[in-house]
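Me: Please take a close look at one strand in this model and at what sits around it. Start with how enclosed or open that strand is, then work outwards from it.

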Amino acid sequence: MNLSRYIAGRLSGARSDSFTASVTKIAKFSVGLGIAIMIVSFAILQGFRHEIQAKIFSFGGHLQVSKFDTNNSFEGYPMGTSTGLEDYKNIPGVEKLQPFARKTAIIKTEDEVLGVVLKGVDSTYDFRSMKQNLVSGSVMEFNDTAASEHVMMSQIMADKLRLKVGDRLLFYFIQNPPRVRKLEVKGIFKTGLEEFDNVYVIGDLRQIRELNQWPDSLVGGYEILLTDFTQIDTVASQVFDKMNYDLQLEKITDTYAQLFDWLELLKRNVIIFLVLIIFVATFNMVSTLFIMILERTNMIGALKAMGATNGQIRGIFLHRGLKLTISGLIGGNLLALAFCLIQDYFHVIPLDPENYYMDTVPIYWDWRIWVGINGITFLLTMLSILLPTLMIARIHPVKAIKFD
């Protein structure tokens, strides 16, 4: 049996009331609590990021192509289906194109009046993100013969207008001549983002084409969905090179810059916080090994007198530190897993949706982050405990044995 490992195992059987045993427990607790806080922090941070991004993407693709226009109107100029992006499937990172158009309208009920923007989409629209925001009803249904009379609106609008799923309401479109459409509420959603909930109603693109007297070849623009949102800058550059010269390209990160800047600020704060936690955990581990070495000075001197090398003695304390680190990591991972499971399934920690855009703390499961956090913590901790073992070479057998 390896001598260093054997002696390290014997040291772990120290009396539970000894000073070393107490310090050892503190070291385990420090590593365990630190790793648990780091995992939970990243799970919540990623949860915020994915939840808010999904809400934003439910109203707009990652990229948006529209007619070049200096006017800031919601409606904009129409564009044809010839964009230069007909072969978008050959652009790496592009998943799909989906057409849309916008038109301002006034909703009138018996008691209330509300100005909105009707966003028209067709059957190719990706409703996956929108389904997560549904409060009641369902997403829109399209037919092949005529424009759908279904619309989707936010919970805020429905409350203001005192509407529910299945109710019919009048949309007044201010144009020459004015037009009126009677549409039915098919679904009610809630994103918590006022930029969308107070403005947009989702309807059929063909309704807008009929109102504007557009042929089927005209749309208000195209939303581009990407396979990997993190590659948005690279894909945007490729799309820009291919599209026609009279079109403009907008990134969702620029359109809603304040939301993405807020997410970046959260990420930066969490990283600073985690660096401090790792520092405290490694410092506690270093302190623990220093105390172990000082308390075992006589033993170190005796082992050297019997011919043990500095490397063998250093290995004893490295094995001891390794065992403490692994014990702390296991305990911390179990604690983090329990917290994340409870929060994800039972939503025990609520949030104010007016400030955080959601009503409960979100949890995002990404095992790559878990492995990465554990790997970095283990590596830094093991590197840090090399420092106290260097003092073993400075311990002389004669002085150490006489110390007692």
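Reply: Take strand β4. It is largely enclosed by the rest of the structure, because 7 of its 9 residues are buried. Keep in mind that this is a predicted model. Buried here stands for a relative accessible area under 20%.

Start with the partners of the strand. β4 covers residues 113-121 and pairs with β3 in the antiparallel sense, over 9 bridges. Two of the residue pairs can be named. Lys103 has Leu118 of β4 as its bridge partner. Thr104 is bridged to Val117, also in β4. Together β3 and β4 make a hairpin, with 4 residues between the two strands.

β4 has another pairing, with strand β9, residues 200-204. Here the sense is parallel, and the count is 5 bridges. Val121 has Asp204 of β9 as its bridge partner. So much for the pairings of β4 itself.

Now look at the turn of the hairpin. Thr109 sits in the loop between β3 and β4. Is Thr109 buried or exposed? Thr109 counts as buried because its relative accessible area is 14%, and the cut-off is 20%. What does Thr109 touch, leaving aside its neighbours within four places in sequence? With those neighbours set aside, Thr109 is in contact with Leu161 and Leu163.

Those contacts lead to another loop. Arg162 lies in the loop between α4, residues 155-161, and β7. Its phi is near 60°, a positive value in a residue other than glycine. Arg162 counts as exposed, because its relative accessibility is 60%. Set that against Thr109, which is buried at 14%.

Gln213 makes a useful parallel to Arg162. Phi of Gln213 is also positive, near 60°, and the residue is not a glycine. Gln213 belongs to the loop between α6 (205-212) and β10 (218-219). Its relative accessible area is 64%, so Gln213 is exposed.

Back to β3, the hairpin partner of β4. β3 also runs antiparallel to strand β11, residues 221-226, and 6 bridges join the two. One of the residue pairs is Gln98 with Glu223 of β11. β3 is joined to strand β7 as well, by 3 bridges, again antiparallel. β7 spans residues 168-173. Ile107 has Phe171 of β7 as its bridge partner.

After β7 comes a feature worth checking by eye. The peptide bond from Asn176 to Pro177 is cis, with omega near -5°. Pro177 lies in the loop between β7 and β8, the latter being residues 179-189.

Phe171 turns up again in the nonpolar core. The largest such core has 103 residues. Ile56, Met153 and Phe171 touch the most other members. Helix α2, residues 19-57, gives the largest share of this core, 15 residues. Where do the contacts of Ile56 go, apart from neighbours within four places in sequence? Ile56 contacts Leu193, Phe196, Ile252, Tyr256, Leu259 and Phe260.

From there, move along to the helices. Helix α9 covers residues 257-295, and helix α13 covers residues 367-384. Their axes come within 9 Å and cross at roughly 35°. The crossing is right-handed. On the α9 side, the contact is made by Ile278, Thr282, Met285 and Val286. On the α13 side, Leu380, Thr381 and Ser384 make it.

Last, the record. In an unreviewed UniProt entry, "transmembrane region" is listed for residues 26-45, 270-293, 329-349 and 369-393. Two of these segments can be set beside the model. Residues 26-45 are 100% helix and 0% strand, with their end C-alpha atoms 28 Å apart. Residues 270-293 are likewise 100% helix and 0% strand, and there the end C-alpha atoms are 35 Å apart.

To return to the strand you asked about: β4 is paired antiparallel with β3 and parallel with β9. With 7 of its 9 residues buried, it is largely enclosed.

Notes
Residues numbered from 1 in each chain as written. Predicted model: local features only at pLDDT ≥ 70, side-chain atom pairs only at ≥ 80, totals over all residues. Heavy atoms only, no water. UniProt positions renumbered as here; feature names shortened; annotations may be inferred. Pairing = 2+ DSSP bridges. Buried < 20%, exposed > 50% of the residue type's maximum accessible area, 1.4 Å probe, protein only. Contact = heavy atoms within 4.5 Å. Core = buried A, V, L, I, M, F, W, Y, C linked by side-chain atoms within 4.5 Å. Axes fitted to C-alpha atoms, helices over the stretch in contact; angles between N-to-C directions. Left-handed = near helix turned anticlockwise from the far one by under 90°.
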